[in-house]
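Dear colleague,

Please find the structure below, handed over for your own work. My findings follow directly after it.

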Amino acid sequence: MKIKELVLRYKVFLILLAVNVAVGLAAPEIGMRSLAASKRNLLEMLSIIPPVFLLLGLLDVWVDRATMIRYTGRGSGLRGMLLSFLLGSAAAGPLYAAFPVASMMLKKGSSVFNVLIFVGAWSTTKIPMVTFEAANLGLRFTLTRLCLNILGIILIAVITEHLLTKKEQEELYRLNEG
């Protein structure tokens, strides 16, 4: 890969690095806090990403495309939506770990709608979060929020799938073919 391609590929990272260096030179105390936060985030990512990729490798080998299409592909209906929702709700880890899984789901033939349901569930309805919330904020609040989130997830998935043209959906599948 040429240097120009590397710079273009990592331009956001390089811009943020330059901003952090400038802040560090202008305000060393803030720069040190920023460096410490970056170190914590890097260590967190390094502890999460390898297990996620290990699980993705297992998913790639153990679950054949036909099975994934049958359970979460186009035409899987309510069963596919519920399975995608349960997979997202049972997941562990930060939201950025959901995207490689979503990519694998697309690669294996899941519908765009069910992938959106999965990502939405991962982001707002994780089982440990719901139980913690119920214990600390009350069951009524938790159930109200959960119902509204489920409706929101479905609405966003329906709208997004309908806004994406067939060509854009095909491009999503093409980008995730591997």
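I begin with Lys126, which sits in the loop between H7 and helix H8 (127-137). The model is a predicted one, and the remarks here should be read accordingly. With a relative accessible area of 15%, Lys126 falls under the 20% cut-off and is therefore buried. Its C-alpha atom is separated by 5.9 Å from that of Ala90, although the two residues are 36 apart along the chain. Once neighbours within four places in sequence are set aside, Lys126 is in contact with Gly88, Ser89, Ala91, Gly93, Pro94 and Ala121.

The nonpolar cores come next. The largest of them has 17 residues, and those with the most contacts inside it are Val52, Val101, Phe118 and Trp122. At least two residues of this core are supplied by each of helix H3 (28-62), helix H6 (98-107) and helix H7 (112-124). H6 gives the most, with six residues. Val101 touches Val52, Leu56, Phe118 and Trp122, when residues up to four places away in sequence are not counted. A second core, separate from this one, has seven residues, including Phe85, Ala121, Ile153 and Ala157. Ala121 thus appears both in this second core and among the contacts of Lys126.

Helix H3 merits a separate paragraph. H3 has 35 residues, and the distance from its first C-alpha to its last is 51 Å, close to the 51 Å expected at 1.5 Å a residue. Gly31, Ile48, Val52 and Leu56 are buried in H3. The partners against which the buried residues of H3 pack are helix H2 (11-26) and H6. Two of the buried residues named for H3, Val52 and Leu56, are also touched by Val101.

I turn now to the pair H4 and H5. How do two packed helices come to be described? By the angle between their axes and the distance between the axes. For H4 and H5, the axes come within 7 Å and cross at roughly 105°. This angle lies in the range of 65 to 115 degrees, so H4 is roughly perpendicular to H5. On the H4 side the contact involves Arg70, Tyr71 and Thr72, which meet Arg79, Gly80, Leu83 and Ser84 in H5. By residue type, the contact of H4 with H5 divides into two nonpolar, three polar and two charged residues.

Between these two helices, in the loop from helix H4 (65-72) to H5, lies Ser76. Is Ser76 buried or exposed? Its relative accessibility is 8%, so Ser76 counts as buried. Beyond its neighbours within four places in sequence, Ser76 is in contact with Arg70, Tyr71 and Asn114. Arg70 and Tyr71 also belong to the H4 residues that meet H5.

Two further residues of these helices can be placed on the same scale of accessibility. Thr67 lies in helix H4. Because its relative accessible area is 23%, Thr67 is partly exposed. From C-alpha to C-alpha, Thr67 and Lys2 are 41 Å apart in space, and in sequence they are 65 residues apart. Leu86 belongs to helix H5 (residues 77-90). Leu86 counts as exposed because its relative accessibility is 54%. The C-alpha atoms of Leu86 and Gly75 are separated by 18 Å, with their positions 11 residues apart along the chain.

The final residue is Gln169, in helix H10 (residues 166-175). Gln169 has a relative accessibility of 5%, and therefore counts as buried. Apart from its neighbours within four places in sequence, Gln169 is in contact with Arg74, Val112, Glu161 and Leu164.

With kind regards

Conventions. Residues are numbered from 1 along each chain as its sequence is written. This is a predicted model: local features need pLDDT of at least 70, side-chain atom pairs count only at pLDDT 80 or more; totals for chains, interfaces and linings use all residues. Side-chain values use heavy atoms; hydrogens and water are left out. Helices (H or I, at least four residues) and strands (E, at least two) are DSSP runs, numbered from the N terminus. Buried means under 20% relative accessible area, exposed over 50%, partly exposed in between (1.4 Å probe, protein chains only). A nonpolar core is a set of buried Ala, Val, Leu, Ile, Met, Phe, Trp, Tyr and Cys residues joined through side-chain atoms within 4.5 Å. Contact means heavy atoms within 4.5 Å. The expected span of a helix is 1.5 Å times one less than its number of residues. Axes are lines fitted to C-alpha atoms, for helices over the stretch in contact, and angles run from 0 to 180 degrees between N-to-C directions. Angles under 35 degrees count as roughly parallel, over 145 as roughly antiparallel, 65 to 115 as roughly perpendicular and the rest as oblique. Ala, Val, Leu, Ile, Met, Phe, Trp, Tyr, Cys and Pro count as nonpolar, Asp, Glu, Lys and Arg as charged, and the others, Gly among them, as polar.
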